[in-house]
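Please open the structure in your viewer and keep the selection tool at hand, since this tour goes from one pair of helices to another.

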Amino acid sequence: MNIESISRKALTILKLKYGLPKRGFLAGGSLANTIWGIISGNKPVINDIDIFLYSNEKEKEKEKEDPENTYFECYLHITGSSENDSYIIRKSETIGNLNFINYESVNPSPYLIISSFDINCTQVGYSIEEDKFYWTDDFIKFLDSGELKISNLNTPAHTAIRILKKKNELNAHLNQFEIEICQYVLNNRSIFSDIRSIRFMQKYADMYI
């Protein structure tokens, strides 16, 4: 499987249909779903185009907003075990189908973004300035098997809902064990120090219902 070639085809589809800005890091479901659509033959579901814009500016003051609101899609891992593997979303702005997500980190690597996504099927991105694709081993394994796997559990309640949604959107295989993992973490969250969010905003409440 030539991932580079397939990714280029997916990028062309997105460019022709939606257009892309001149800078930023394209990541998330739009590119991943399109790549999977080419491989599987399923029609890709594209809700919007996420463009991450990097800044290395230091935080000047502690934000007082609700931590729930610091998640853009509630699947982003915004803090981690060290400063080098964490990032903070400062703001997001939607223009047409494009979602511009401004984030800060001391680590400029695009792998920081894609490795933070909670499900293997989403861990791919494209640097517009570099004209370069990035992906994880988990993403390649998904393309080979069509099997959805949880990659991180920082937001287990959201992940449980999202992975079921992905199963339907991608017509992919999901083992019940993945849901049971989320259930176990939620039931025993006091022993998991890196759980960031268990409550829903309205969007996820609607999706759950």
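**Two pairs of packed helices**

Begin by selecting residues 156-170, which form helix α5, together with residues 176-187, which form helix α6; in this predicted model, the two helices pack with their axes 9 Å apart and at an angle of about 165°. Because angles over 145 degrees count as roughly antiparallel, α5 is roughly antiparallel to α6. If you turn the view so that one helix lies in front of the other, you are looking at a left-handed crossing of α5 and α6.

Next, show the side chains where these helices meet: on the α5 side select Pro 156, Ala 157, Thr 159, Ala 160, Ile 163 and Leu 164, and on the α6 side select Glu 178, Ile 179, Cys 182, Val 185 and Leu 186. Coloured by class, this contact of α5 with α6 shows 9 nonpolar residues, 1 polar residue and 1 charged residue.

Now move to the second pair by selecting helix α2, residues 29-40, and helix α4, residues 137-145, whose axes come within 10 Å and cross at roughly 30°. Because angles under 35 degrees count as roughly parallel, α2 is roughly parallel to α4, and the crossing of α2 and α4 is right-handed.

Which residues make this contact between α2 and α4? Select Ala 32, Ile 35, Trp 36 and Ile 39 of α2, and then add Phe 139, Phe 142 and Leu 143 of α4. When you colour the contact of α2 with α4 by class, you will find 7 nonpolar residues, with no polar and no charged ones.

Terms used:
Residues numbered from 1 in each chain as written. Predicted model: local features only at pLDDT ≥ 70, side-chain atom pairs only at ≥ 80, totals over all residues. Heavy atoms only, no water. Axes fitted to C-alpha atoms, helices over the stretch in contact; angles between N-to-C directions. Helix = DSSP H or I, 4+ residues; strand = E, 2+ residues; numbered from the N terminus. Parallel < 35°, antiparallel > 145°, perpendicular 65-115°, else oblique. Left-handed = near helix turned anticlockwise from the far one by under 90°. Contact = heavy atoms within 4.5 Å. Nonpolar A, V, L, I, M, F, W, Y, C, P; charged D, E, K, R; others polar.
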